[in-house]
Amino acid sequence: MQAAIEAARKGFNRNHGGPFGAAIVKDNRVIASGHNQVLITNDPTAHAEIVAIRRACALLESYDLSTCEIYSTSEPCPMCFAAIHWSRLKRLYWGTTRDDVAAIGFDDSLIYDILSGKIPPDHLEIVKADRSSCLGLLKEWDAKPDKVLY
């Protein structure tokens with residue numbers, strides 16, 4: 001966790017983004033770390049966990065981090081939790097809660113409420129479009145003889 005904390009501090013002291021850090025460990029050794037880089041990159045997906053996952057995947061030349069663990073200074077947001085799941089990390093350690101970070105202005109409760117079905121996404125218009133063409137794309141993929149499932 002100390003590597004994640006150091007990454008977070010480095011990032012916010014440089015005004016790269018919020019006070020969040022993450023570290024990925026393999027065989028009891030930190031192989032990648034990251035801090036929030038939303039402000040420095042103008043990328044709303046540049047959360048600490050995403051940055052660390054990308055670095056670890058590049059280092060290991062694999063999308064599969066099932067032999068690794070992640071340490072995050074805060075409870076991962078829904079996007080980061082999904083990335084942790086998709087990268088198959090085997091264990092997640094986190095420090096502060098979503099309520100702790102909401103108290104300093106990083107409130108994801110709207111996203112949690114939408115995902116749980118408590119409220120509709122009023123701020124985002126969602127339109128289904130051209131399902132038949134998109135289904136055709138899925139059929140093409142399904143018939144592809146050299147596809148790789150992940």
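These are my notebook entries on a predicted model of one protein chain.

**Entry 1: the overall layout**

I began with the secondary structure and counted seven helices and four strands in the protein chain. Read from the N terminus, the elements follow the order α-β-β-α-α-β-α-β-α-α-α. I then looked up the extent of the C-alpha atoms, which fill a box of roughly 50 × 40 × 25 Å along the principal axes. The chain has 150 residues, and 31% of them count as buried. For the surface I noted about 10100 Å² exposed, with carbon and sulfur atoms supplying 56% of that area. I also checked contacts with a separation of 6 or more: residues 24 or more positions apart account for 46% of them.

**Entry 2: aromatic pairs**

How many aromatic pairs does a search of the whole structure find? My search came back with three, and I followed up two of them here.

One of them joins Phe 20 and Phe 106 in an edge-to-face arrangement, 5.0 Å centre to centre with 85° between the planes. Phe 20 sits in the loop between helix H1 (2-13) and strand S1 (21-26), while Phe 106 sits in the loop between helix H5 (98-102) and helix H6 (109-115), so the pair ties together parts that are 86 residues apart in sequence. I looked up the exposure of both rings. Phe 20 counts as buried because its relative accessibility is 12%, whereas Phe 106 has 34% and counts as partly exposed.

My next stop was Tyr 71 and Tyr 93, an aromatic pair that is stacked, at 4.3 Å centre to centre and 10° between the planes. Tyr 71 belongs to strand S3 (residues 68-74) and Tyr 93 to strand S4 (residues 91-96), so I logged this as a link between distant parts of the chain, 22 residues apart. Tyr 71 is buried, at a relative accessible area of 19%, and Tyr 93 is partly exposed at 31%.

I added one more ring to this page: Arg 98 lies over the face of Tyr 112, at 3.7 Å from the ring centre.

**Entry 3: salt bridges**

The structure holds five salt bridges, and I wrote up three.

For Arg 88 and Asp 64, the side chains meet in a salt bridge with an N to O distance of 4.0 Å. Arg 88 is in the loop between helix H4 (78-86) and S4, and Asp 64 is in the loop between helix H3 (48-60) and S3; the two are 24 residues apart and link distant parts of the chain. Both ends came out as partly exposed in my lookup, with Arg 88 at 34% relative accessibility and Asp 64 at 27%.

Between S3 and S4 I found Glu 69 and Arg 91, whose closest N and O atoms are 2.5 Å apart in a salt bridge. Glu 69 is in strand S3 and Arg 91 in strand S4, 22 residues apart. Is Glu 69 buried or exposed? Glu 69 counts as buried, at 11% relative accessibility, while its partner Arg 91 is partly exposed at 41%. I noted that these strands also carry the stacked tyrosines, Tyr 71 in S3 and Tyr 93 in S4.

The third salt bridge I logged joins Lys 147 to Asp 142, with the closest N and O atoms 3.8 Å apart. Lys 147 is partly exposed, with a relative accessible area of 27%, and Asp 142 counts as exposed at 56%.

**Entry 4: helix H4 and its cover**

Which residues of H4 are buried? I listed Pro 78, Cys 80, Ala 83 and Ile 84. An α-helix has 3.6 residues a turn, so residues three or four places apart point the same way. I kept that in mind while looking at what lies over the helix. The cover of the buried residues of H4 includes H3, S3, S4 and H6. Just after H4, Arg 88 takes a positive phi of about 65°; this is the residue I had already met in the salt bridge with Asp 64.

**Entry 5: a nonpolar patch**

Last, I went to the surface and found a nonpolar patch of about 390 Å², made by Tyr 63, Val 148 and Tyr 150. Tyr 150 is found in the segment after helix H7 (131-143). The relative accessible area of Tyr 150 is 71%, so this residue is exposed, the cut-off for exposed being over 50%.

Technical notes
Residues are numbered from 1 along each chain as its sequence is written. This is a predicted model: local features need pLDDT of at least 70, side-chain atom pairs count only at pLDDT 80 or more; totals for chains, interfaces and linings use all residues. Side-chain values use heavy atoms; hydrogens and water are left out. Patches are made of residues with over 30% relative accessible area and no salt bridge: like charges are joined within 9 Å, nonpolar side chains (Val, Leu, Ile, Met, Phe, Trp, Tyr) within 5 Å. Accessible areas come from the Shrake-Rupley method with a 1.4 Å probe; for residues, only the protein chains shown count as cover. Buried means under 20% relative accessible area, exposed over 50%, partly exposed in between (1.4 Å probe, protein chains only). Rings of Phe, Tyr and Trp (its six-membered ring) pair if their centres lie within 6.5 Å; planes under 30 degrees apart count as stacked, over 60 as edge-to-face and the rest as tilted. A charge sits over a ring if NZ of Lys or CZ of Arg is within 6 Å of the ring centre and within 35 degrees of the ring normal. Contact means heavy atoms within 4.5 Å.
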